[in-house]
Amino acid sequence: MILSIWSLFIGVIDVDLSGLLSGNLEQLEIFLISRLPRLLAILCTGVGMSVAGLIMQQLCMNKFVSPTTGATISSAQFGILLALLFMPNSTLWGRALFAFAAAILGTWIFVWFIQRIQFKDVVMVPLVGIMFGNVIGGITNYLAYQFDMTQALSSWLVGHFSLVVRGRFELVYLAVPLVILAFVFANHFNIVGMGKDFSRNLGVPYNLVLFAGLSIAAMITASVVVVVGSISYIGLIVPNVVAMFKGDRIRGTLVDTALFGAVFVLVCDMIARTVIAPYELPIELIVGIIGSILFVGLLFYRLRHGRKAVRLGAAHAGGCAAPIAQAERGDGV
Amino acid sequence: MKVTELTKQYDGKTVVDSVSFEIPKGKVLSLIGPNGAGKSTVMGIISRLIARDAGLVDFEGQDISRWKSKELSKRLAILTQSNQIQMKLTVRELVAFGRFPYSGGRITAEDEAIIDQAITYMELDEMQDRFIDELSGGQRQRAMIAMVIAQDTEFVLLDEPTNNLDIYHATNMMKIVRRLCDELGKTVILVLHEINYAAFYSDYICAFADGKIAKFGTVKEVMTRQTLSQIYKVDFEIMEIEGKPLSIYY
């Protein structure tokens with residue numbers, strides 16, 4: 001906690017220092033128009049993406065599901081493309097609406113799909129998600145080529161904060177009320193994450209909470225994608241790392257996850273801006289590099305430590321909620 | 001609780017065929033029978049986890065489907081085999097979920113006291129802050145029972161609670177079941193594979209075969225050579241130990 005506040009402060013100072021370069025009067029202006037929005041956008045992105053990932057992992061009972069591996073990001077991009085195609089003059093909010101709808105729909109389809117097919121292996125679920133995401137991404141790219149939109153689209157394909165200035169980023173604030181909403185329903189998500197029977201037993205409407213939760217996660221993701229573009233891995237890495245130390249009770253981990261997510265993105269952004277200063281790399285690049293290394297490490301960790309759990313819950317492991325019908329049929333065999 | 005003419009089909013195959021029985025209050029009732037006889041399905045239907053195709057489940061004067069899920073969860077608790085938790089929750093956090101129907105996410109001081117009691121009752125005090133995925137199968141099962149105790153329901157339904165447990169833990173589990181009934185006054189309904197556990201620890205047995213009730217009665221009434229051979233289609237001998245009929249099959 002203290003570390004993260006300290007780190008936030010460092011971030012502000014860093015921004016402030018770079019603002020100093022442009023003289024005294026202009027400094028304030030730049031600070032307000034560009035640096036501050038950028039910082040806020042970074043924080044919202046980190047918080048939003050990691051919380052979205054946390055919700056998705058809980059609801060799908062799979063540690064490898066996230067906005068990236070659950071087709072949410074690519075669906076949101078697809079939505080943006082549709083908005084660009086059909087309403088070329090659409091405002092940021094118009095595009096956001098499309099992105100919201102597409103992200104929610106894409107995530108629902110993915111979850112519906114993995115619920116239908118009971119995977120025996122935990123790793124299969126994200127693989128299917130990545131495939132599904134790539135299919136959507138392929139369609140997006142194809143359409144973009146067809147209509148000469150690749151240039152316009154590319155800014156949403158690779159996440160970066162360099163275009164975040166006042167008037168262009170406010171949408172990302174939407175993540176804040178959604179995260180609060182997630183906190184309010186944290187226990188519901190936890191219970192649904194324990195399975196269909198478990199939640200029915202406690203009188204929690206399984207499907208309602210599942211889809212409401214996924215919608216929240218999808219909307220958070222979409223609001224980030226619309227403003228900064230796709231930023232992968234955060235939704236995957238951050239909740240996992242936090243869960244390793246803090247456990248899976250959402251009420252207990254949500255704040256840590258959010259803070260860690262914010263710090264992670266902030267650090268990546270600082271690296272992105274300093275590595276080839278005065279130019280800057282897209283943050284997606286940095287996050288991608290660090291994220292994929294961590295992801296591989298995580299895979300090994302999970303596979304080594306998860307083996308016991310996989311064996312014990314062989315009939316259900318990996319699948320997103322096992323319908324009791326399945327168990328009953330197993331009984332009949 | 002009274003069940004009338006319950007029927008359930010899967011893909012055109014009838015798995016539960018007009019089953020009717022009444023659950024005696026404050027007793028332990030075991031549902032036994034070969035695989036696919038429909039006992040788990042019946043359990044699922046009377047706990048509203050599975051939708052039935054026909055029939056009635058009367059719970060306290062009202063059909064089970066007309067109960068509000070939240071209200072029902074204060075009266076009836078079910079543990080199924082699919083409760084394989086892969087989540088990193090502490091024992092205490094899990095038990096606290098039992099209070100969810102009462103106080104939602106906000107645990108009151110009263111809830112805390114009930115959670116404490118449940119943990120102590122299941123002798124989990126020392127491991128209440130450990131993560132469930134670090135526990136043994138028997139300990140985990142006890143944590144689940146503690147959650148059900150915290151849920152404070154009159155009816156407790158357990159689907160194969162001894163599954164995957166060794167003899168020591170399985171026997172302890174059955175003793176716990178008996179205590180739930182004798183000490184806490186709960187009505188316990190179990191699905192069991194192990195006939196002798198059913199015979200030794202329950203008051204009533206409901207034996208299923210081919211989706212129908214083959215025999216419903218007290219332990220002594222059901223545990224006969226003839227009935228059991230008919231249901232399981234193997235030879236049985238019945239012996240008496242501590243005044244209870246136990247079976248040997250070969």
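Start with chain A, coloured by confidence: its mean pLDDT is 75, and 74% of its residues reach 70 or more. Keep in mind throughout that this is a predicted model. Now select residues 18–22 of chain A, where the pLDDT is below 50. Beyond near neighbours in sequence, that stretch has 7 contacts in the model. Next, jump to residues 307–333 of chain A, another place where pLDDT stays under 50. Here the model has 60 contacts beyond four places in sequence. For the model as a whole, the scores are ipTM 0.83 and pTM 0.80.

**Stop one: α3 and α5 of chain A**

Show helix α3 (residues 72–86) and helix α5 (residues 124–146) of chain A. How do their axes meet? They come within 9 Å and cross at roughly 20 degrees. Angles under 35 degrees count as roughly parallel, so α3(A) and α5(A) are roughly parallel to each other. Look at the handedness too: α3(A) passes α5(A) in a left-handed crossing.

Turn on side chains for the contact. From α3(A), pick S74(A), S75(A), Q77(A), F78(A), L81(A) and L85(A). Facing them from α5(A) are G133(A), I136(A), G137(A), I139(A), T140(A), L143(A) and A144(A). Colour this α3(A)–α5(A) contact by residue class and you get 7 nonpolar, 6 polar and no charged residues.

**Stop two: α3 and α10 of chain A**

Leave α3(A) on screen and bring up α10(A), which is residues 206–228. The axes of α3(A) and α10(A) also come within 9 Å, but they cross at roughly 55 degrees. That angle makes α3(A) and α10(A) oblique to each other, and α3(A) passes α10(A) in a right-handed crossing.

To see who touches whom, select T72(A), I73(A), A76(A), Q77(A) and I80(A) on α3(A). On α10(A), the partners are A217(A), A218(A), T221(A), A222(A), V225(A) and V226(A). By class, the contact of α3(A) with α10(A) has 8 nonpolar, 3 polar and no charged residues. Pause on Q77(A): this residue belongs to the contact with α5(A) and to the one with α10(A).

**Stop three: α4 and α10 of chain A**

Hold α10(A) in view and add helix α4 (residues 92–116) of chain A. The axes of α4(A) and α10(A) are 8 Å apart, and the helices pack at about 140 degrees. Since only angles over 145 count as roughly antiparallel, α4(A) and α10(A) are oblique to each other. Their crossing is right-handed.

On the α4(A) side, select L92(A), R95(A), A96(A), A99(A), F100(A), A103(A), I104(A), T107(A), W108(A) and V111(A). On the α10(A) side, the residues include F211(A), L214(A), S215(A), M219(A) and S223(A). Also there are A217(A), A218(A), T221(A), A222(A), V225(A) and V226(A), which you met at the contact with α3(A). What is the make-up of the α4(A)–α10(A) contact by class? The residues divide into 16 nonpolar, 4 polar and 1 charged.

**Last stop: chain B**

Hide chain A and switch to chain B, which averages a pLDDT of 88, with 98% of the residues scoring at least 70. Give its two domains separate colours: domain 1 covers 1–75 + 154–167 + 185–224, and domain 2 covers 83–152. The centres of the two, taken over C-alpha atoms, are separated by 25 Å. Where they touch, domain 1 of chain B puts in 7 residues and domain 2 of chain B puts in 6. The domain 1 side of that contact divides into 3 nonpolar, 2 polar and 2 charged residues.

Notes
Residues numbered from 1 in each chain as written. Chains lettered and ligands numbered in written order. Predicted model: local features only at pLDDT ≥ 70, side-chain atom pairs only at ≥ 80, totals over all residues. pLDDT = per-residue confidence, 0-100. Domains from an automatic or database assignment. Contact = placed C-beta atoms within 7 Å. Nonpolar A, V, L, I, M, F, W, Y, C, P; charged D, E, K, R; others polar. Axes fitted to C-alpha atoms, helices over the stretch in contact; angles between N-to-C directions. Helix = DSSP H or I, 4+ residues; strand = E, 2+ residues; numbered from the N terminus. Parallel < 35°, antiparallel > 145°, perpendicular 65-115°, else oblique. Left-handed = near helix turned anticlockwise from the far one by under 90°.
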